[in-house]
Structures are given as C-alpha cells and as structure tokens.
Amino acid sequence: MQGRGTTGRTALLGGALGLAFAALLLFPCALSGGVPARGDLADFFWPMKAYTAARWPSGAPLWNPLSGCGEPWLAQLQTGVFYPGDLPFLLPGAWGPLLGIAIHIVIASSGTAAWLFALGTSRAGALLGAAVFAGGGAFLSLALVYNNFETAAFLPWLFLAAWHAARGGSPAGLAVASALSFLGGEPSLAVAGAVGAALVALATRGDEPAGQAPARRAVLRLASGLLLGATLAAVAALPFFEYAASSGRFRGVPRAEALARPVGASDLLDLVLPPADALTRRPSEGRGGYLATLALSPLVLALAAGAGAGLAARPRLLVALALVALTGLLLALGTRGGLLPLLWDAGLARGVRFPARWFVFTQFALAALSGAGLDGWLHGRVLGW
C-alpha cells in the first residue's frame, strides 16, 4: 500500500491534470466573456449565486426580498449560502462561474486520482481514471445544472474518505466530504454518494490483509463520520428539509414528472460515438435532454474490460464498482430501468426529478474500472486472469 505522502502527490498531479483540462475547456469562454449557456447555469445559477455572494457583506443572506414576493434564501439549498465553493462568484462578470467550474473539475480530478492510487492502482491508472471522470460527458454536462455539478465533484472524495475510515482512519475526512457535497446543493446525489461510499468501503474490507480493525469498529467510524457530516451541514439542511416539507415539495412532484427525461438510446450511443451538435441542444427521440451528452470514448470501455485483471487481488472491489455502474445506469434509465419506479412507489424517491443525473455514478465507476483496466492491460495480466 502506498504511503500517505505519495497518495497526496498523486492527488496534486490529478488536480494539475484537472486544471489543465479546465483551462483547455474554458479558454474560449474566458476570451469571449461568456459562459456555457445550454442549461440553467447562465440564467439561473449565475445570478442566484452572484446575488448570494453580494449579500454576504451585509450578513448571511437568509431571505431574498427580490424573488417573487420574498423567498427564504438559505432554505433553497442550491443558493449555496454556506458553501465555500461558491466564493468565486464574488468576482465580477463571467469570471465567477468560469472559475467555479474550473475549481470543481480540479476537485473531481484530484479526488479520483487519490482514491484510485490509495486502492493500489498505478499512478498512470489513477490519473487515467481522474481524466475519465472529470473529463467525461455526464459529469461536465452537470455544470449546466450547477448544483448537481458541485455535489458530484465530491463523489471521489466521499469514496476515499469512507475507505480510509473503514480501515481505521479518522472519520473527520468523511464528515467534511459529506458536508461539502450536501452544501453543494443537490441533496439526493449527496446522500446517495455518502451512503454508497460507506457501503462500498464496508463491502470491500475483505480484500485487505488480515489484522485490520474489526468490522464493528469500521461501522462505528463510518457512522460517526456521516453523523458529524450531517451536523456540519445542519445549518443549511434543517431549513431546507423544513421548507421542503411545509411547502409540499416532497408531495408536489407527481410520478410522471419524477420519471421524466431519463437517458435514452441516443444518449447511450454517445459513449462510443460523439453526437452531432444539434442533438445536444434539446430533448428529442431517444434523448432525455437533461444531460447534454454522455460522451466518453470506446477506448474507455475497452480499458474497463481489463479491470478484472487489474483488480484480480480485489474481487470485492471489482463487484462493488460493477454494481455502482449498474445501479447508476438503471436509475438513469427511469421507467425503462425498472429500479426508479420501485423506489418512487416505496416513497424513497419522492420529490426527486430528472433521472438522467444518476448516470454520473456510472461514469464514476467506469472511470475507476478503466484506471484499473489500464494496469491489467499494461502488465499483461488480462489473458492470464
């Protein structure tokens, strides 16, 4: 197992990779003074978060008198009143959203690299996985629905912190990562990510050498990390849940709306064939339209096919990643996936819309599998697995 210093170095390299990618992606916008504008970023999240930042010198913006007849601002959650990742919106003009996007690409890339390297993947495999997650279509498409993007950026940090806590480390990292992901503004992704990370960390302890902390201690560390994270986020979580319950938000999303705009066959084709630009602009036959594109590359899928060899010594992790990928896909497919209707009928998905967003979990798992698969192919273990 690599030492803490080398894992930190890999995180820095992953962050530098994400920064380079963000610069390449956003440089045209920086030159023109614009921002990506196919979703809600330009006309909803940018003015919302700029208003929040501008109000802070006068005190915490708990209420917005300019929205309708007045609106509880902290209770909206996606306003990001207490989210430190929204500090770039203090900058004038388009620099706020552009720098915010860049920072979250760096967060996603560095976290993925650190997590994969801590699991034993080579540095090359860890950086490849970071590039696939932070540079893949599903994650980048979430930037247009910005609160989802901010929350999803912390997925790898949740998995790293949970892995660390389940193996005897401090639960503080899990607390910070879960609080930040929730304060980022999309509670469904934050809760699912934190719970999923804890379950994967517990389920894969059997891959480790003997002599680690007992399972009960691992459960206690994970539970304490999640509880402390909920406590840190309570300043925004309590007003949000109270307002959502009293306003009827949980009951106000009908079943048809909750299952609308899933990923379709045309979206899935993006994984191997880049879509025409016109297809990414609006919903159409076979496309949900919530995510602009799921684009990855056939090479990513080919590398992921070698993950069994790269993770031959970690069979539980291989199965866990496959289950994460499958669960994200089934949820993203909406009615056709079968899982989300069951969760909605059971009351576990009430108030949650836009199934397509769940594909970010599939992309995250594919990123990890492709990083491990690179090791399997490079070191000649595929045919002998």
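What radius of gyration does the protein chain have, and what value would a compact globule with 385 residues have? In this predicted model, the protein chain has a radius of gyration of 20 Å, which agrees with the value near 21 Å for a compact globule of 385 residues. The C-alpha atoms fill a box of roughly 65 × 50 × 45 Å along the principal axes.

The secondary structure of the protein chain consists of 17 helices and two strands. Of the 385 residues, 52% count as buried. Among contacts between residues at least 6 apart in sequence, 75% join residues at least 24 apart.

The protein chain carries 25 positive and 16 negative side chains, and the centres of the two sets lie 9 Å apart. The structure holds seven salt bridges, including those in the table.

| Salt bridge | Closest N to O distance |
|---|---|
| K49 and D86 | 2.7 Å |
| E186 and R357 | 2.8 Å |
| D267 and R287 | 3.5 Å |

K49 lies in helix α2 and D86 in the loop between β2 and α3, so this pair ties together parts that are 37 residues apart in sequence. K49 counts as buried because its relative accessibility is 1%, under the cut-off of 20%; D86, at 7%, is buried as well.

E186, in the loop between α8 and α9, and R357, in the loop between α16 and α17, are 171 residues apart. E186 is buried, with a relative accessible area of 8%, and R357 is buried at 5%.

D267 belongs to helix α12 and R287 to the loop between α12 and α13, so their salt bridge connects parts 20 residues apart in sequence. D267 is buried at 2% relative accessibility, and R287 is buried at 5%.

How values were computed
Residues are numbered from 1 along each chain as its sequence is written. This is a predicted model: local features need pLDDT of at least 70, side-chain atom pairs count only at pLDDT 80 or more; totals for chains, interfaces and linings use all residues. Side-chain values use heavy atoms; hydrogens and water are left out. Helices (H or I, at least four residues) and strands (E, at least two) are DSSP runs, numbered from the N terminus. The radius of gyration is taken over C-alpha atoms; the globule rule is 2.2 Å times the number of residues to the power 0.38. Buried means under 20% relative accessible area, exposed over 50%, partly exposed in between (1.4 Å probe, protein chains only). Contact means heavy atoms within 4.5 Å. Lys and Arg count as positive and Asp and Glu as negative; His and the chain ends are not counted. The place of a charge is taken as NZ of Lys, CZ of Arg, CG of Asp or CD of Glu. A salt bridge is a side-chain nitrogen of Lys or Arg within 4 Å of a carboxyl oxygen of Asp or Glu.
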